[in-house]
Amino acid sequence: MDRRTMATMTTTPVTVLNKDSMLIVKEQDVVPFRNRVKEYATKIGMGLVNQTKLITAASELVRNMLRYGGGGNTLIEVVSKGRENGIRLTFSDKGPGIANIEMAMKDGFTTGKSLGLGLPGTKRLVSEFDIKSKPGEGTTVMIIKWKNG
Ligand SMILES: Nc1ncnc2c1ncn2[C@@H]1O[C@H](COP(=O)(O)OP(=O)(O)OP(=O)(O)O)[C@@H](O)[C@H]1O
Ligand SMILES: [Mg+2]
């Protein structure tokens with residue numbers, strides 16, 4: 001895709017250089033998605049440490065989307081701000097949504113008898129993090145990992 005689109009969000013405004021999307025409906029979709037994210041990160045020359053952080057974050061979010069959101073859509077984008085390139089990932093589902101985002105972002109909060117570390121852990125691993133959710137409508141999480149960030 002060569003058309004450059006300006007996208008302004010609550011996070012840093014970026015230029016989208018390339019994009020791809022993948023539907024996630026079952027457990028078996030997770031590995032191909034992780035591989036695709038890795039391909040994109042490698043393509044922009046992201047180092048292994050940041051790649052690992054990005055992929056770990058991506059895995060948590062995609063698992064939440066499957067477990068709580070009943071699956072959904074992912075967007076993988078190569079973005080730039082000035083000279084710096086990065087990978088932006090968006091996870092959107094039409095599940096039940098999150099009633100209290102502030103609570104969900106706290107270490108140890110879970111409704112799934114799990115560790116409750118996915119969302120707060122993810123936020124710590126990436127450069128930018130944005131979550132929007134409406135009860136009854138769904139949840140969208142967006143993260144950016146800058147190549148050197
Ligand atoms: N896509 C989503 N749709 C609806 N609720 C969600 C979604 N993602 C997270 N949640 C809610 O936020 C809570 C916290 O999510 P988080 O990933 O931090 O922890 P967890 O999934 O419960 O445990 P862990 O990720 O450590 O295994 C979840 O228990 C769930 O209630
Ligand atoms: Mg989780």
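Author: A residue is buried if 20 or more other C-beta atoms lie within 10 Å of its own, exposed if 12 or fewer, and partly exposed in between, with C-beta atoms placed from the backbone. This is a predicted model, in which local features need pLDDT of at least 70, side-chain atom pairs count only at pLDDT 80 or more, and totals for chains, interfaces and linings use all residues. Residues are numbered from 1 along each chain as its sequence is written, and chains are lettered from A and ligands numbered from 1 in the order in which they are written.

Reader: Which residues of H1 are called buried?

Author: In H1, a helix (a DSSP run of H or I, at least four residues, numbered from the N terminus), they are Phe-33, Val-37, Tyr-40 and Ala-41. Each therefore has 20 or more other C-beta atoms within 10 Å of its own.

Reader: Why are the buried residues of H1 said to line one face of the helix?

Author: Seen down the axis of H1, they fall within an arc of 100°, so they line one face. The arc is that of the directions from the helix axis to the C-beta atoms. An α-helix has 3.6 residues a turn, so residues three or four places apart point the same way.

Reader: What does the face of H1 turned away from the buried side carry?

Author: That face carries exposed residues, among them Asn-35, Glu-39 and Lys-43.

Reader: What makes the span of H1 close to the expected one?

Author: The expected span is 1.5 Å times one less than the number of residues. H1 (residues 30–43) has 14 residues and an expected 20 Å, and its reach from first C-alpha to last is 20 Å.

Reader: Where does a positive phi occur just after H1?

Author: Gly-45 takes one, of about 80°.

Technical notes
Helix = DSSP H or I, 4+ residues; strand = E, 2+ residues; numbered from the N terminus.
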